[in-house]
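Please open the model in your viewer and keep the selection tool at hand, as this tour goes from one selection to the next.

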Amino acid sequence: MNAGRDDARPAYIGLGSNLDDPCGQIARAFDLLDTIPRTRLVARSSLYRSAPFGPVEQPDFVNAVAKTLTSLDAPTLLQHLQEIERSQGRKASVRWGPRVLDLDLLVLGDEVIGEPRLAVPHPGIAERNFVLLPLREIAPDLVVPGLGRIVDIAVSESEPRISRIV
Ligand code: ROI
């Protein structure tokens with residue numbers, strides 16, 4: 001929690017839930033992000049209700065994006081995100097299936113990583129309105145490495161509905 005150090009970089013994290021009180025899951029996850037070592041929560045987007053993306057019929061999701069400042073590296077930050085998912089009861093979830101909590105590392109400074117288990121920037125940014133819209137809300141000036149200015153990334157017209165809830 002001693003971000004503010006010179007080596008702190010902005011990290012944007014996507015949050016999603018569609019089980020067990022999704023709004024409560026997201027609120028708790030925001031608070032837990034601020035407890036990650038060498039990491040400070042500096043902004044939270046509104047919560048958005050979004051129709052499930054993908055082939056599985058399931059409840060609507062609640063999605064949001066957090067901005068943190070962190071001096072952790074990407075793999076260490078990812079481990080902490082997975083620890084928060086587990087602490088909120090996430091089991092190994094089925095691909096495309098419902099989930100108690102999903103935390104995705106979307107952007108970490110100007111870093112670009114293309115590993116199978118860790119892709120940064122997250123490919124969902126340009127593909128999913130439930131990532132793009134809350135990210136744009138809290139970071140309208142963001143330039144995403146490899147993608148360009150967040151305001152220039154097109155909103156997908158074919159994607160299911162999304163609306164701001166709080
Ligand atoms: N759909 C929406 N709307 N929001 C999500 O966070 C989300 N997460 C997922 C899948 C199942 C792909 N669909 C989603 O993992």
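Begin by selecting the aromatic side chains, for a search of the whole structure finds two aromatic pairs, where rings of Phe, Tyr and Trp (its six-membered ring) count as a pair if their centres lie within 6.5 Å. Select Phe 53 and Phe 130, which form an edge-to-face pair with 6.3 Å from centre to centre and 70° between the planes; planes under 30 degrees apart would count as stacked, those over 60 as edge-to-face and the rest as tilted. This pair links distant parts of the chain, since Phe 53 belongs to the loop between strand S3 (48-50) and strand S4 (61-70), while Phe 130 belongs to helix H4 (residues 129-138), 77 residues apart. Add Trp 96 to the selection, and you have one aromatic cluster made of Phe 53, Trp 96 and Phe 130.

Before going on, please note that this is a predicted model, in which local features need pLDDT of at least 70 and side-chain atom pairs count only at pLDDT 80 or more, whereas totals for chains, interfaces and linings use all residues. Residues are numbered from 1 along each chain as its sequence is written, and side-chain values use heavy atoms, with hydrogens and water left out.

Stay with the two phenylalanines and turn on the surface: is each of them buried or partly exposed? Phe 53 is partly exposed, because its relative accessible area is 28%, and Phe 130 is buried, because its value is 17%; buried means under 20% relative accessible area, exposed means over 50%, and partly exposed lies in between (1.4 Å probe, protein chains only).

Next, select the whole of H4, which is mostly covered, as seven of its ten residues are buried. The buried residues of H4 are Asn 129, Phe 130, Val 131, Leu 132, Pro 134, Leu 135 and Ile 138.

Now move to the backbone and select Val 120 together with Pro 121, which are joined by a cis peptide bond with omega of about -5°. Pro 121 is found in the loop between strand S7 (118-120) and helix H3 (124-127).

Two further stops concern the backbone angle phi. Asp 21 has a positive phi of about 65° although it is not a glycine, and its place is in the loop between strand S1 (9-17) and helix H1 (22-33). Asp 21 counts as partly exposed because its relative accessibility is 49%. Arg 38, which is not a glycine either, has a positive phi of about 55° and lies in the loop between H1 and strand S2 (39-44). With a relative accessible area of 31%, Arg 38 is partly exposed.

Finally, zoom out and colour the protein chain by secondary structure, which comes to four helices and ten strands; helices (H or I, at least four residues) and strands (E, at least two) are DSSP runs, numbered from the N terminus. Followed from the N terminus, the elements run β-α-β-β-β-α-β-β-β-α-α-β-β-β. The C-alpha atoms fill a box of roughly 45 × 35 × 35 Å along the principal axes, and buried residues make up 45% of the 166 residues. Among contacts (heavy atoms within 4.5 Å) between residues at least 6 apart in sequence, 69% join residues at least 24 apart.
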